[in-house]
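Please look through the sequence and the coordinates before reading on. The paragraphs below begin at one point in a loop and work outwards from there.

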Amino acid sequence: QTDIPSVKDVLGDHFPIGAAISVPQTLGEHARLLSKHFNSVTPGNALKWDATEPTEGTFRFTDADAMVDFAQANGMQVRGHTLVWHNQTPAWVFLDANGAAMTPTAANKALLLSRLDAHIRAVVGHYGTDIATWDVVNEVVDEGQSDGLRRSRWYEIAGLDYIRTAFRVAREVAPAAKLYINDYNTNVPAKRDKLYSLVSQLKAEGVPVDGVGHQMHVNVDWPSVSETEAMIQKFVPLGVDQQVTEMDVSIYTNSGESFPTPPRDRLIRQAYKYRDLFDLYKRYSSELTSVTVWGLADDDTWLDTFPVVRNDAPLLFDEQLQAKPAYWGIVDPT
Ligand code: XIL
């Protein structure tokens, strides 16, 4: 399929189109597909804390460097994902000076924030202007809490200050980078209202938040265009940039389903979901500064193991790297 249109050309007037990748996507046939259709990449795991600083003060950038080099060689942008998360963070980060699990004391808070400061200086500093957008904090909102803040180890020990510190240090080290707060289910009213309140507060305090990232892990039936439009409109008054950061469209509508191969009707519903949501994104090109899908092709998707082990097919290209109906939903949406 060398003769089919390039997704990045089709969307060229609207926004850059990205894919989450690992090193294998920069090699061989995957690399050809990636560079033909995409002009942005997000390392899917290689910039998370457990990858970049597995033990204190020892930094590893080999895989992420390879992806950044590939991106630069092919004229692609890079999204940095992610500096602070409650997952994929090594245990040592939350151990106190005696090697025991941190309890919420002032000394432990100071130690944790100093580790956070050092981590962000090293990681963001390593890339300088090579990475122009960072997901500074990921999934910090919990709409089930009255203050809207997830009860992670970060929160339990440092309260809101871990978020303030992360953004301020990132700004100091990379003053030109766009700094994002990223989360899932932002199309759900209760969730986005808590996220909105948090971003409003941070901006009022002068914490340098530039953008809101909408993950958009969705499925063939959900969400509707109108729910998604409300998601984008909600943040317009805050004057922040917005990006779709991790879109995929599961063929499953609940965790009990499992198909050995993707049924035809699901792939068609998926194509209409991609079409309808990308039509919406294009209408909001002034608000959305990029759209990223969470994977290149169905041979490598996190949804094969989340929320249960089963064969999912949420992306634009199939396991043989061939264009799916979902691809045509974006490229030929009529
Ligand atoms: C996922 C990766 O794709 C997997 O390879 C890894 O095992 C777990 O994390 N939300 C996020 C991403 O912000 O970092 C997650 O990525 C998917 C959900």
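A useful place to start in this predicted model is Pro223, which sits in the loop between β7 (217-219) and α9. The peptide bond that joins Trp222 to Pro223 is cis, with omega at about 0°. A second cis peptide bond runs from Phe306 to Pro307, where omega is likewise near 0°, and Pro307 belongs to the loop between β9 (288-293) and α11 (325-331).

Backbone geometry also draws attention to residues with positive phi. Gln88, although not a glycine, has a positive phi of about 55°, and its place is in the loop between β3 and α5. Asn185 is not a glycine either and has a positive phi of about 55°; this residue is found in the loop between β5 and α8. Are these two residues buried or exposed? Gln88 is exposed, because 12 other C-beta atoms lie within 10 Å, and a residue counts as exposed at 12 or fewer. Asn185, with 20 C-beta neighbours inside 10 Å, counts as buried, since the cut-off for burial is 20 or more.

From the loop that holds Asn185, which lies between β5 and α8, the chain can be followed into helix α8 (residues 189-205). At 1.5 Å a residue, the 17 residues of α8 should span 24 Å, and because the end C-alpha atoms are 24 Å apart, the expected span and the model agree. Within α8, the residues Arg192, Lys194, Leu195 and Leu198 are buried. They cover an arc of only 160° around the axis, so they lie on the same side of α8. Ala190 and Ala204, by contrast, are exposed on the other side of this helix. What do the buried residues of α8 pack against? Their partners are the strands β5 (178-183) and β6 (211-214), together with helix α9 (225-235). After α8 comes Gly206, with a positive phi near 85°.

Helix α4 (62-73) can be read in the same order. Its 12 residues, at 1.5 Å each, should span 16 Å, and because its end C-alpha atoms are 16 Å apart, the two values agree. The buried residues in α4 are Ala64, Met67, Val68, Phe70 and Ala71. An arc of only 160° around the axis contains them, which means that they share the same side of α4. On the other side of α4, the exposed residues are Thr62, Asp69, Gln72 and Ala73. The buried residues of α4 pack against three strands, namely β1 (17-21), β2 (40-43) and β3 (77-84), and also against helix α5 (106-127). Just after α4, Gly75 takes a positive phi of about 65°.

On the N-terminal side of α4 lies Arg60, in the loop between α3 (49-52) and α4. With 14 C-beta neighbours inside 10 Å, Arg60 counts as partly exposed, because this number falls between the limit of 12 or fewer for exposed residues and that of 20 or more for buried ones. If its neighbours within four places in sequence are left aside, Arg60 is in contact with Ala51, Thr52 and Pro54. Gly144, which is 84 residues away from Arg60 along the chain, has its C-alpha atom separated from that of Arg60 by 36 Å.

The model also includes a ligand. Which residues surround the ligand? They are Gly44, Asn45, Asn138, Gln215, Glu246 and Trp302, and by class this shell has one nonpolar, four polar and one charged residues.

These local views can now be placed in the whole protein, which has 11 helices and nine strands. Its C-alpha atoms fill a box of roughly 60 × 40 × 40 Å, taken along the principal axes. For 334 residues, a compact globule would have a radius of gyration near 20 Å, and because the protein has 20 Å, it agrees with that expectation. Buried residues make up 42% of the 334 residues. Among contacts with a separation of 6 or more, 74% are between residues 24 or more positions apart.

Technical notes:
Residues numbered from 1 in each chain as written. Predicted model: local features only at pLDDT ≥ 70, side-chain atom pairs only at ≥ 80, totals over all residues. Near = placed C-beta within 6 Å. Nonpolar A, V, L, I, M, F, W, Y, C, P; charged D, E, K, R; others polar. Helix = DSSP H or I, 4+ residues; strand = E, 2+ residues; numbered from the N terminus. Rg over C-alpha atoms; globule rule 2.2 N^0.38 Å. Contact = placed C-beta atoms within 7 Å. Expected span 1.5 Å × (residues − 1). Arc of directions from axis to C-beta.
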